[in-house]
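Colleague: Could you take me through one part of this model slowly? I am new to this, so please explain the terms as you go.

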Amino acid sequence: MRVLVYGASTNPARYAYIATELLLSKGHEVILVGHKPGEIGGIDIQVGQPDLGDIHTVTLYVGPQNQTDLLAYVMRLQPKRVIFNPGTENPALMQQLAADGMEVEEACTLVMLHTGQF
C-alpha cells in the first residue's frame, strides 16, 4: 500500500517519524512530505505539494493551523483514505473530503498499525 506521511519530520521523537519507521517495517511504500527537507530510513522528505500518483492513504501529522492549502492538495491526490491523527482533527476539512468520496478516519496510525487495523 502506498502511504503519504504528510508532516514528516527528521526528529526521531515525533510521531510522524515513528509512524514512518513502522510503516516501512510493515512493508508499506512510504512517501514523505514535510516542512523541511531531510530523510527517514533512506527516503527523502519532499517539501511543498509534490505531484504524486496512486496514493492509497494520507496520514496527517500537521495541526489545523498548518492545513490551509491542504484541501486542494488532497483533492488533487485523490487518496482512498485520509487519517487525521490526534491533534490534526479539522471537522470542516474532514467533511469536505468525505463529501468527495474519501474515507476519513479520526484515528492514530500507530495504534492502527499495532492492532492490524491499518
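Modeller: Happily; here is a close look at strand β1 and what lies around this strand.

First, some ground rules. Residues are numbered from 1 along each chain as its sequence is written, and side-chain values use heavy atoms, with hydrogens and water left out. The model is predicted, so local features need pLDDT of at least 70 and side-chain atom pairs count only at pLDDT 80 or more, while totals for chains, interfaces and linings use all residues.

Strand β1 covers residues 2–6. Helices (H or I, at least four residues) and strands (E, at least two) are DSSP runs, numbered from the N terminus. Four of the five residues of β1 are buried, so the strand is largely enclosed by the rest of the structure. Buried means under 20% relative accessible area, exposed over 50%, and partly exposed in between, with a 1.4 Å probe and protein chains only.

Now for the neighbours of β1. Two strands pair if DSSP finds at least two bridges between them. With strand β2 (residues 29–34), β1 pairs in the parallel sense over five bridges. Tyrosine 6, for instance, has valine 33 in β2 as its bridge partner. To get from β1 to β2, the chain passes through helix α1 (residues 15–25), and this β-α-β crossover is right-handed. That word applies if, with the strands pointing away from the viewer, the path from the first strand over the helix to the second runs clockwise. β1 also runs parallel to strand β5 (residues 57–60), joined by four bridges. Here valine 3 stands opposite threonine 57 of β5.

Next comes the largest nonpolar core, which has 20 residues. A nonpolar core is a set of buried Ala, Val, Leu, Ile, Met, Phe, Trp, Tyr and Cys residues joined through side-chain atoms within 4.5 Å. Val5, Ala8, Leu23, Val30, Leu32, Ile40 and Phe118 touch the most other members. The elements giving two or more residues to this core are β1, α1, β2, β4 (43–47) and α4 (109–114). The helix α1 supplies the largest share, five residues.

So where does β1 sit, in short? Most of β1 is buried, β1 pairs in parallel with β2 and β1 is joined by bridges to β5. For contrast, look at valine 104, which belongs to strand β7 (residues 103–106). Valine 104 counts as partly exposed because its relative accessibility is 25%.
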